[in-house]
Number of protein chains: 2
Amino acid sequence: MKAQPVFTDSKELIDFINTVKFDTAGLVPAVVQDVENNEVLMVAWMNQESLRRTLESGQAWFYSRKRQALWLKGETSGNYQYVREVRLDCDGDTLLLKVDQVGVACHLGTRSCFSRLVGSSAPEKRTERIIADLYSLIKERQ
Amino acid sequence: MKAQPVFTDSKELIDFINTVKFDTAGLVPAVVQDVENNEVLMVAWMNQESLRRTLESGQAWFYSRKRQALWLKGETSGNYQYVREVRLDCDGDTLLLKVDQVGVACHLGTRSCFSRLVGSSAPEKRTERIIADLYSLIKERQ
């Protein structure tokens, strides 16, 4: 997989960053979606600098609120995210990234961080999901 | 369309809410996805009470940070969201809702709040998108 810059013009890039409404802590949430099947893989936070690096490099960079540091997604795990599309929502305070995900997105080893289905009817739905996942896997390996 | 409660047992519902990690303002972001095609429609915020109402009623309730008030999505526009699936992410601080969306999700009249594609190659992508949207529309009306 190859990283492709989201912006090739640095003025356009800065102009775009200036339209994003960061919160009082200087952050915006970024929803990361699988470009192949639209599965939501994770939600993480970006500050100006991580957004700049993401747009410039074409690889997802976030800001860890816990560690108070920038992180290149995949730097330690190898599970990089190659950004194929970036969208900003109507009020300018949330980002949506469509990515080619290498390996899995979640540190728990699942493809998505949203593997926990909740609700009274969750168990049946989970079974359905497992069957669908198995089906995809078998199809993939044909 | 019909609303179906996410939890039918009120103890289970309360137990679940207690596992959610609300931020210092008492909020969590909720990503709303179209259950049909996995398109991300919007991201909004929930406090404990809006989450409780959502899980109990099966219709999406949020908390408006601007108006500091609960809102039932669709109450004024008629564009209700019927919740079909709820997921919590691995660190318990972000929700994912899959919904049957009535009409459009965005107050600007677009299906999704993320209609603004950004980047140097955005215009071409936008054209592609318009063509794809037109194709769907024509197919729908056949």
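**Exercise 1. Locate Asn79(A) and describe its surroundings.**

Solution. Asn79(A) sits in the loop that joins strand 4 (69–72) to strand 5 (81–88) of chain A, where helices (H or I, at least four residues) and strands (E, at least two) are DSSP runs numbered from the N terminus. The model is a predicted one, in which local features need pLDDT of at least 70 and side-chain atom pairs count only at pLDDT 80 or more, while totals for chains, interfaces and linings use all residues. Residues are numbered from 1 along each chain as its sequence is written, chains are lettered from A and ligands numbered from 1 in the order in which they are written, and side-chain values use heavy atoms, with hydrogens and water left out.

The next step is accessibility: Asn79(A) has a relative accessible area of 16% and is buried, the classes being buried under 20%, exposed over 50% and partly exposed in between (1.4 Å probe, protein chains only). Leaving aside neighbours within four places in sequence, Asn79(A) is in contact with Lys73(A), Gly74(A), Gln101(A), Val102(A), Gly103(A) and Val104(A), contact meaning heavy atoms within 4.5 Å. With Val104(A) there is also a specific approach, since the side chain of Asn79(A) reaches the backbone oxygen of that residue at 3.1 Å.

**Exercise 2. Summarise the build of chain A.**

Solution. Chain A contains 3 helices and 7 strands, and from the N terminus on these elements follow the order α-β-β-α-β-β-β-β-β-α. Along the principal axes, the C-alpha atoms of chain A fill a box of roughly 50 × 35 × 30 Å. Of its 142 residues, 48% count as buried, and among the contacts of chain A with a separation of 6 or more, 48% are between residues 24 or more positions apart.

**Exercise 3. Examine salt bridges within helices 1 and 2 of chain A.**

Solution. A salt bridge is a side-chain nitrogen of Lys or Arg within 4 Å of a carboxyl oxygen of Asp or Glu, and a search of the whole structure finds 16 of them over all chains.

In helix 1 (residues 10–19) of chain A, Asp15(A) and Lys11(A) are 4 residues apart, or about one helical turn, and their side chains meet in a salt bridge with an N to O distance of 2.7 Å. Asp15(A) is partly exposed at 38% relative accessibility, whereas Lys11(A) is exposed at 56%.

In helix 2 (residues 48–57) of chain A, Arg52(A) and Glu56(A) are likewise 4 residues apart, about one turn of the helix, and their salt bridge has an N to O distance of 2.9 Å. Both partners are partly exposed, Arg52(A) at 25% and Glu56(A) at 42%.

**Exercise 4. Find which parts of chain B are linked by the salt bridge between Asp100(B) and Arg84(B).**

Solution. The closest N and O atoms of Asp100(B) and Arg84(B) are 2.8 Å apart. The pair links distant parts of the chain, with Asp100(B) in strand 6 and Arg84(B) in strand 5 of chain B, 16 residues apart. Asp100(B) is buried at 16% relative accessibility, and Arg84(B) is buried at 18%.

**Exercise 5. Determine how the buried residues of helix 2 of chain B are arranged.**

Solution. The buried residues of helix 2 (residues 48–57) of chain B are Ser50(B), Leu51(B), Thr54(B) and Leu55(B). Viewed down the helix axis, these residues fall within an arc of 130°, so they line one face of the helix; the arc is that of the directions from the helix axis to the C-beta atoms. Their packing partners in chain B include helix 1 (10–19), strand 2 (40–46) and strand 5 (81–88). Helix 2 of chain B is followed by Gly58(B), whose phi is positive, near 80°.

**Exercise 6. Characterise the contact between chain B and chain A.**

Solution. The contact takes 42 residues from chain B and 41 residues from chain A. The two chains bury about 3400 Å² between them, 56% of it on carbon and sulfur atoms, where buried area is the accessible area (1.4 Å probe) that two parts lose on being put together, summed over both. Arg87(B), Phe114(B) and Arg116(B) supply 20% of the area that chain B buries against chain A, more than any other three residues.

Between the chains the count is 2 salt bridges; Arg65(B) forms a salt bridge with Asp93(A), with the closest N and O atoms 3.2 Å apart.

How values were computed. A polar contact is a pair of N or O atoms within 3.5 Å; within protein, one must be able to donate a hydrogen and the other to accept it, and residues adjacent in sequence count only if both atoms are side-chain atoms.
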